[in-house]
Amino acid sequence: MEVLTRTAQRRRRRLWKRILWSGLLVIFFAFLTMSAFILYIYNMEAPSLTVPETSIVYSADGQTIGEFSQGEHRYWIPLDHMGEDILNATLAIEDRRFYDHYGFDPIRIGRAILTNLTTGSKSQGASTITQQYARNLFLSHDKTWVRKFNEALYALRLELHYTKEEILEGYLNTIYYGHGAYGIEAAANLYFQKNAETLSTAEAAMLAGIPKGPSLYSPFVDLNKATNRQHVVLNAMREMDVATEKEIEISKEEDIQLAEESTMTGKRIAPYFQDALRQWLVEEHDFDMTVLDGGGLTIYTTLLTDMQKEAERLIAKELSLDEELETALVALDPRTGDVRALAGGKNYNESTFNRATQAKRHPGSTLKPFLYYASLEHGLRPNSMLKSEETTFVYDEGREEYHPGNFNHRYADDYITMLQALAVSDNIYAMKTHFLLGFEDLVDTAARFGITSHMAPVPSLALGTSDVGIMEMTSSYSPFANGGYHITPRFVEKIVDRDGNVLFEAKTERKQTLEPAYTAIMTNMMKGMFEPDLGADYASVTGGSIADILEDRPVAGKSGSTQSDSWMIGFTPQLVTGVWTGYDDARALEGDDAQHSKQIWALFMKNALKNELKLSFPIPDNVVEVNINPFNGLLATEDCPVSRPTLFLSGSEPSEYCIEHIDDTEDNDGNNDELREKFRQREDKKKEKWLDKLFDWVTLND
């Protein structure tokens, strides 16, 4: 019996040894397996933390004017810009042991599993902050055991590759707070119109309670539930010893002031400008649209908010929203090409079609300055005279005829200077110049000014019958203001990523394509449209109605009109602005429709430049200024009723004085009769000049 007992005991000892060794082997192999598993995970590359971030658009004067996003409004900020209260509140309610675990808490998970099995539901959760962050980055929000396993797996990967601070920063920048706001900065802005680091303890506690159920605990949805949830968070902060009893009680009594907006919507100043900006970056500089919308970029634009607001105010005042008449305005700096203001229509909410960049319209007489610039290159001068009369032009070796007319079919029926012809916008003078130079010459010259739209070399081109864009036409006037440089419009100064790296920096693109002397002479002549004294019996200067608005600021420009379009483009050394008005369906203008472009332009230029210096246009060294009688082109005397300072290429200025207005009673030596006779003889010989001989065989005068 004793032998049997000892045998049984030995068997039991051997059994326990086997159990012990088996247990040790299981533990050992489990340890090896876990170590290998962790090593495998560690050797995997770090999971990407990239999430879409809202890009912010700034004006040139530092104001936020817009945002680009993919529907998730998120502004990434570093941990030290969040404030201690939001960190403490979040840790207290979401994961008090955050700094002590390695991504997941087995005890909490076990407790949650037991509770869910007991209740037969999946309502109990035990996700740590790291797990929630992993779910937001990589997984769905379905409550399945597979998802929970993957969540823990990703959480471990995050813990192995990133610091606790990086994980907490990422979590607080990605968690959803309701109403389209992702991340604490967006939430603080949405609910309180604050930055995260300026939140009070009470405000931080309210926000920290929302992610548990944004549709339940948003103060915009149910303030009572949000407040109760806030108190739960505050109590958790007290239990975690990150706030005193007194601080908690004060926070519970705080009267929280919520923002008025209940939806996360970005600012939208100058929407037409922002649309043009996006198009410019994508089409001209190959920017990826997804990067613009989700790259968390800081975009510094060229827009000046005061100018933009003034443009929109004047458009709203001048044009009735009930009418179909539309408009477009572009203002840019002729020295750099920086677009300072842009309106593509009178109401973006009614029509997003950007007429400033997408519409093509007939420019009318705004094309004439290019024609007269070309004539200066061919030897004509501001005082060159041609006859304004009803004329039929014959071309194509006599097979074609063209019969243009002046406004209201009124003509001088006499010789006028180029200076006066430009001021009153005489069509016959322009057409004779066009025929003289050849149709291709205007096409080539317009291209040198920056016109890229196709232009047909036909007679009517001189009167602006080829479609051009409003932005294109406006920027093409820049060489007149900057001394002959073609500039490329730009919308952005630079673009910076969230880490401060400059991704893109726009350079000023300037190219000398025109002669500074001739652009200065043209600018001087283009000032004439605002000088009523240059008007004639048959036509007034085209800018007479707005001359008083501009006061004494040096300004030049040209208006243009067709049956369906009204233009005004003008400039100072600092700003060139173009305004177009018309109907989208190109119907004929009616009544005072054609006057709006000039009024908007003049008031905009006046108000936009009110704090700027009144700069004179520069005059090159090879240009001289002399006073002439603008009606006959001769040097003016004290007796001339109009004496106008006019620029000429040095050596081409007139040398003869006007004696038409000398009074006999003031001259006792009798020489005036002889001078007048010479003047009459010179006038009689005008028709014998080479220009008139040339026109004798290309024109047929009625």
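**Exercise 1.** In this predicted model, what span should helix α12 (residues 271-285) have, and how far apart are its end C-alpha atoms?

*Solution.* Start with the count: α12 has 15 residues. The expected span is 1.5 Å times one less than that number. This gives 21 Å. Now check the ends: the C-alpha atoms there are 20 Å apart, which agrees. Next, look at burial. Among the buried residues of α12 are Pro271, Tyr272, Phe273, Trp280 and Leu281. Finally, step past the helix end. Asp286, just after α12, takes a positive phi of about 60°.

**Exercise 2.** Which residues of α14 are buried, and what covers them?

*Solution.* Check the helix first. α14 covers residues 305-318, 14 in number, and should span 20 Å. Its end C-alpha atoms are 20 Å apart, in agreement. Then list the buried residues: Thr305, Met307, Gln308, Glu310, Ala311, Leu314 and Ile315. Their cover includes β2 (64-68), β6 (326-332), β7 (339-343) and α22 (596-608).

**Exercise 3.** Is Ser384 buried or exposed?

*Solution.* Locate Ser384 in the loop between α15 (368-377) and β9 (385-388). Take its relative accessible area: 12%. Buried means under 20%. Ser384 is therefore buried. Now set aside neighbours within four places in sequence: Ser384 is in contact with Ile416, Thr417, Met418 and Tyr429.

**Exercise 4.** Is Trp16 buried or exposed?

*Solution.* Find Trp16 in helix α1 (residues 2-43). Its relative accessibility is 59%. The cut-off for exposed is over 50%, so Trp16 counts as exposed. Then look at the surface: Trp16 joins Leu15 and Ile19 in a nonpolar patch of about 340 Å².

Definitions and conventions. Residues numbered from 1 in each chain as written. Predicted model: local features only at pLDDT ≥ 70, side-chain atom pairs only at ≥ 80, totals over all residues. Heavy atoms only, no water. Helix = DSSP H or I, 4+ residues; strand = E, 2+ residues; numbered from the N terminus. Buried < 20%, exposed > 50% of the residue type's maximum accessible area, 1.4 Å probe, protein only. Contact = heavy atoms within 4.5 Å. Patch = residues over 30% accessible without salt bridge, like charges linked within 9 Å, V, L, I, M, F, W, Y side chains within 5 Å. Areas by Shrake-Rupley, 256 points an atom, 1.4 Å probe, with all protein chains shown as cover. Salt bridge = Lys/Arg side-chain N within 4 Å of Asp/Glu carboxyl O.
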